[in-house]
Amino acid sequence: MMAGFEILDPTVEPRKQAIMYVPRPDSLKGKRIGLVENTKFNSDKLLTKVGEILKKEYGAAEYKMWRKHNSSVPAHDEIIDEAKRGVDCVVAGVGD
């Protein structure tokens, strides 16, 4: 006698979600830049260089860096709240 079995289909239809982008600033001159690093190796070094380039070559006033709890989660609420209050633009970066 042949045993019965059930075949499961693990695929699903992708969920479509509209993405809204905020307008880019016309210039970075005088802007305060937030940098969010994801804890991966060298991401802090890479973003520090990005921050320096934004200051020297694009006239950004300053930059500040935050570190996420780990690379696989979104920026935590404290980062979002502080960025809303203290910077004009945010760059999120990865390293490896």
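Leaving aside its neighbours within four places in sequence, which residues is Glu37 in contact with?

## Glu37 and its surroundings

In this predicted model, Glu37 is found in strand β1, which covers residues 32-37. Once neighbours within four places in sequence are left aside, the residues in contact with Glu37 are Ser43, Asp44, Leu47, Met65, Trp66, Arg67, Lys68 and Gly93. Glu37 counts as buried because its relative accessibility is 3%, and the cut-off for that word is under 20%.

One of these partners also has a polar link to Glu37, since the side chains of Glu37 and Arg67 are joined by a polar contact of 2.5 Å.

## Asp44, at the edge of the same group

Asp44, which is among the contacts of Glu37, lies in helix α1, a helix made of residues 43-58. Its relative accessibility is 32%, and therefore Asp44 counts as partly exposed, a class that runs between the 20% and 50% limits.

When residues up to four places away in sequence are not counted, Asp44 touches Glu37 and Met65. Asp44 and Arg67 are 23 residues apart along the chain, and a distance of 8.3 Å separates their C-alpha atoms.

## Lys68, a buried charge without a salt bridge

Lys68 also appears among the contacts of Glu37, and its place is in the loop between β2 (62-67) and α2 (77-86). Although Lys68 is buried, it has no salt bridge, and the nearest side chain of opposite charge, that of Glu37, is 8.8 Å away. A salt bridge would need a side-chain nitrogen within 4 Å of a carboxyl oxygen, which means that a separation of 8.8 Å does not qualify.

The side chain of Lys68 does, however, reach the backbone oxygen of Val73, at 2.4 Å. Apart from neighbours within four places in sequence, Lys68 is in contact with residues on either side of it in the numbering, including Val36, Glu37, Asn38 and Thr39 as well as Pro74, Ala75, His76 and Ile79.

## The largest pocket

Empty space can be looked for in a general way, by rolling a probe the size of a water molecule over the atoms to show where such space is left. In this model the largest pocket holds about 380 Å³ of space. Its lining is formed by 15 residues, of which Val22, Arg24, Pro25, Cys89 and Val90 are the closest to its centre.

Both α2 and β3 (89-93) supply at least two residues each to this lining, and β3 gives the most, with three residues.

Notes: Residues numbered from 1 in each chain as written. Predicted model: local features only at pLDDT ≥ 70, side-chain atom pairs only at ≥ 80, totals over all residues. Heavy atoms only, no water. Helix = DSSP H or I, 4+ residues; strand = E, 2+ residues; numbered from the N terminus. Buried < 20%, exposed > 50% of the residue type's maximum accessible area, 1.4 Å probe, protein only. Lys, Arg positive; Asp, Glu negative; His and termini not counted. Polar contact = N/O pair within 3.5 Å; in protein donor to acceptor, adjacent residues only side chain to side chain. Contact = heavy atoms within 4.5 Å. 1 Å grid on protein atoms, 1.4 Å probe; cavity = no way out; pocket = protein on both sides within 12 Å on 5 of 7 lines; lining within 4 Å. Points joined across faces, edges and corners; volume = space filled by probe spheres on them.
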